[in-house]
Amino acid sequence: SAATTKEAIALEDAYGAHNYHPLPVVISRGEGVHVWDPEGKRYYDFLSAYSAVNQGHCHPHIVKALTQQASQLCLSSRAFYNDKLGAYERFVTEYFGFEMMLPMNTGVEAVETAIKLARKWGHVNKGLKDNGFILGVGGNFHGRTMGAISMSTDPDCREGFGPFMPNITATNPDTGATIRYNHAEDLEAVLEAYGDRVAGFIVEPIQGEAGIKMPEPGYLKRCYELCKRHNVLFICDEVQTGVARTGTLLAIEHEQIKPDIVILGKALSGGVYPVSAVLSSREIMLTIKPGEHGSTYGGNPLACAVAVAALEVVRDEKLTERAHELGMRFREGLRKISSPLIKDVRGRGLLNAIEVNPIEGKTAWDLCLLLRDRGLLAKPTHDTIIRLAPPLTITAEQLDECVEIIVGAIDDYSK
Ligand code: PMP
């Protein structure tokens, strides 16, 4: 492995595809809320691998489950049963309050699975042959596969990658206008015209990659009611918001609605191993028959052991309550910062963002470099927006220290 920051960056740049624009910092070790670079500099991790590391880096309980299972059995494939999968599925369905689950590996694979499940359900229950619509909303991020980007409204996700999949869209088929987040009337218009052909509506309860875009009160409930009126499955993408991040196990709990399908990923394994899942009722899940969908690694015993341990940490360390309480403390601290640069502080639990007012010749990228210099890693979602999402195991004292780091960086930024 690379010995220095310089060497690691040079190697990635030389031999790896340039499909990212990472902040120039190399991470070579992690423990709890901290990560270290090869030179030994310590940072607070305020990205948590896009909310995968909710339980903190290398949590000993999860690492122990991983190493124990790794020496017993890693992969059996679904050609056979394995002794871990069923118990894991029972744990997850009971914990999240659903009847059945379908195990996959990455977030976007679970999104694809949900799309296929909804389409199959529409095929069986609404007589949709090969024309079922899956509707999304503007600003969504569901991942990078063709199905997911067919719904995207972000030019960076789409340009040069067409043609896209028919009838998987966040635009009104008649007008070509985007179905806007926080505008239930846009969804209503499409459902009025096409409701009998729509299988599913997919939404993030808080839009993460859109810059921590919050749902307005009643918006998601209204969408849910519209879906029910038109016999459309309401699908919640909780890949980023789920597993305690927003102060409840699922972010949709804030809205008091029960989705038909929930998509989980990231923190389901505490960032220790790729694990994702789709949850639904038995009736919906069993519309997919044996042989119609699968994945070599989905439901492998290593993933099951890791995910059970990761959820045990959430439960035993009361991470939902922690995220809720610390989130309020954090936003209160950030809102006290008296700087004309801060335009908005928003979020729920420990999924937060600060939005800064534009400064001539500078962007949030520069602010993130200043935060990095002061020992805090965060990444801008946009030129003026920085997401702040530490592991949920952070202490109140550490969080207060981080507010001070942010105050200092904003000070420097304004100079
Ligand atoms: N859905 C949401 C809401 C996400 O935030 C992400 C990842 N940022 C994904 C899906 C895709 O997950 P993955 O990168 O594991 O495929």
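**Exercise 1.** In this predicted model, determine which residue of S12 is the bridge partner of glycine 347, and place that pair within its sheet.

*Solution.* Begin with the pair itself: glycine 347 has asparagine 352 as its bridge partner in S12. Next, take the two strands as a whole: S11 and strand S12, which spans residues 351-356, run antiparallel and are joined by 6 bridges. Then extend the view to the open sheet, in which 4 strands follow the order S11-S12-S15-S14 with antiparallel pairing. Because S11 (342-348) and S14 (379-382) each have a single partner strand, they stand at the edges, and one side of each is left without a neighbour in the sheet. On average, neighbouring strands of this sheet are turned by 30 degrees against each other, direction ignored.

**Exercise 2.** Identify which strands helix H12 touches and which strands helix H13 touches.

*Solution.* Helix H12 (residues 319-335) packs on the sheet through S11 and S12, and its direction makes about 175 degrees with that of S11. Helix H13 (residues 364-373) also packs on the sheet, where it touches S12, S14 and strand S15 (385-388), its direction making about 165 degrees with that of S14.

**Exercise 3.** Decide whether leucine 23 counts as buried, partly exposed or exposed, and list its contacts beyond four places in sequence.

*Solution.* First locate leucine 23, which lies in the loop between helix H1 (5-15) and strand S1 (29-31). A residue is buried with 20 or more other C-beta atoms within 10 Å and exposed with 12 or fewer; leucine 23 has 15 such neighbours and therefore counts as partly exposed. Finally, setting aside neighbours within four places in sequence, leucine 23 is in contact with Cys368, Arg372 and Lys379.

Note on methods:
Residues are numbered from 1 along each chain as its sequence is written. This is a predicted model: local features need pLDDT of at least 70, side-chain atom pairs count only at pLDDT 80 or more; totals for chains, interfaces and linings use all residues. Two strands pair if DSSP finds at least two bridges between them. Axes are lines fitted to C-alpha atoms, for helices over the stretch in contact, and angles run from 0 to 180 degrees between N-to-C directions. Two residues are in contact if their C-beta atoms, placed from the backbone, lie within 7 Å.
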